[in-house]
Amino acid sequence: MITLRNLTKRYGELTAVDGLDLEVQPGKVTGFLGPNGAGKSTTMRMVVGLDLPTKGQALVGGRRYADLRWPLREVGALLDAKAVHPGRSVKAHLLALARSNRIPARRVDEVLETVGMGKVAKRRAGGLSLGMSQRFGIAAALLGDPPVLLFDEPVNGLDPDGVRWVRQLMRSLAAEGRTIFLSSHLMSEMQLTADQLVVIGRGRLITDVPMRELISGGSSVSVVCPDAAGLAALEARLPAARAVSLNELLVPGATPQQVGDLAYELGIRLHALRENEVSLEQKYMELTEHAVEYGATR
Ligand SMILES: Nc1ncnc2c1ncn2[C@@H]1O[C@H](COP(=O)(O)OP(=O)(O)OP(=O)(O)O)[C@@H](O)[C@H]1O
């Protein structure tokens, strides 16, 4: 579990993180969203002791990072995939990390296999492609087999196959009971990966909500009916319905079952009956409408 208590970070005049209170629970993937500059990376950096809070606390398993004896065994993080010694080999870098936290050397080969880098262990870390660097960073995060993992934009630079691999990895790590805290700007991917969503804007919490709850509210049903009289009869019985074309109605707040049963009762022929879920992207845009700091003006 990750616990943030009144977590605050100021850089001079700028308040990057502003009194965040949050519990990131184990056994779930928690997505961490917010516009550019909202304070996501700064928050994650404070959890792993790379930045000190101006006020408040960030705790891993109830303890501050600085108080963890073998931090890599408690929390793993991929924050900046390019932040490695460029001249060292992939394997040497991981071996050094392992030694610093008394992690057995065989674990290095294991994590390299997990991320599909067994064959490039001897390559220089500085010569890796962006996608390979991401995999390498994930290997480093997994090294200590920690119960808590943070990933800042892990799919950045990955090909579609890699993106899917990361999604499956996140899901399986959460299924093992770990705490997974994941930031990404790819809404469609986040919708497929996260169970819980934390949205921040200008350093403040906007919402902390289960994904299902967020995207289920506000769904609608589309009904396609080939004859005008049938469509009019349906519209008359569905007060929220509005025509979107000559043969189609949109019914906000209804379920396909309700509309299908009504059509059956009225003896009306339908050509299509579709549920339109609200996308995470749509909900996210609504939630962060007033929190976008560096948005385009048009
Ligand atoms: N070391 C620093 N010194 C001064 N300002 C900083 C520093 N690090 C971050 N900031 C500022 O703090 C704010 C939050 O930045 P942060 O990188 O945490 O946002 P983010 O949500 O991760 O953004 P993005 O989605 O663009 O990665 C920004 O305004 C940023 O410019």
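Begin by selecting Arg 202, which sits in the loop between strand S9 (196–201) and strand S10 (204–210). The model in the viewer is a predicted one, and in it the phi of Arg 202 is near 50°, a positive value in a residue other than glycine. Most residues other than glycine have a negative phi. Is Arg 202 buried or partly exposed? With 19 other C-beta atoms within 10 Å, Arg 202 is partly exposed, because the cut-off for a buried residue is 20 or more such atoms.

Next, select Arg 102, in the loop between helix H3 (90–100) and helix H4 (106–114). Arg 102 is not a glycine either, yet its phi is positive, at about 50°. Here the surroundings can be counted in the same way: Arg 102 has 11 C-beta neighbours inside 10 Å and so counts as exposed, since the cut-off for that class is 12 or fewer.

Now zoom out to the whole protein chain. Its secondary structure comes to eleven helices and 14 strands, and its C-alpha atoms fill a box of roughly 75 × 45 × 35 Å when taken along the principal axes. The protein chain has 298 residues, of which 36% count as buried. If contacts are restricted to residues at least 6 apart in sequence, 71% of those in the protein chain join residues at least 24 apart. Colouring by confidence is a reasonable view at this stage: the mean pLDDT of the protein chain is 93, and 97% of its residues reach 70 or more. Where pLDDT is low, the predicted coordinates should not be read in detail. For the complex, the predictor gives an ipTM of 0.97 and a pTM of 0.87.

From there, go to the N-terminal hairpin by selecting strand S1 (residues 2–11) together with strand S2 (14–24). The two strands run antiparallel and are joined by seven bridges, one of the pairings being that of Tyr 11 with its bridge partner in S2, Leu 14. Two residues lie between the strands of this hairpin, and Gly 12 takes a positive phi near 60° there.

Keep Tyr 11 and Leu 14 selected and add the ligand, for both residues belong to the set that surrounds it, which also includes Ala 16, Gly 34, Asn 36, Gly 37, Ala 38, Gly 39, Lys 40, Ser 41 and Thr 42. Two elements, strand S2 (14–24) and helix H1 (40–47), each give two or more residues to this shell. Which element gives the most to the shell around the ligand? It is H1, with three residues. Sorted by class, the shell has four nonpolar, six polar and one charged residues.

Finally, select the open sheet of four strands whose order is S12-S13-S11-S14, with antiparallel pairing. Strand S12 (242–245) and strand S14 (272–276) are its edge strands, each pairing on one side only, and the twist averages 25° from one strand to the next. Within this sheet, strand S11 (residues 220–224) runs antiparallel to S14 and is joined to S14 by five bridges; a pair to pick out is Val 221 and its bridge partner in S14, Glu 275. To complete the view, add helix H10 (residues 256–266), which lies across S11, strand S13 (248–252) and S14 and runs at about 160° to S14.

Methods: Residues are numbered from 1 along each chain as its sequence is written. This is a predicted model: local features need pLDDT of at least 70, side-chain atom pairs count only at pLDDT 80 or more; totals for chains, interfaces and linings use all residues. A residue is near a molecule or strand if its C-beta atom, placed from the backbone, lies within 6 Å of it. Ala, Val, Leu, Ile, Met, Phe, Trp, Tyr, Cys and Pro count as nonpolar, Asp, Glu, Lys and Arg as charged, and the others, Gly among them, as polar. Two strands pair if DSSP finds at least two bridges between them. Axes are lines fitted to C-alpha atoms, for helices over the stretch in contact, and angles run from 0 to 180 degrees between N-to-C directions. Two residues are in contact if their C-beta atoms, placed from the backbone, lie within 7 Å. pLDDT is the predictor's confidence in each residue, from 0 to 100.
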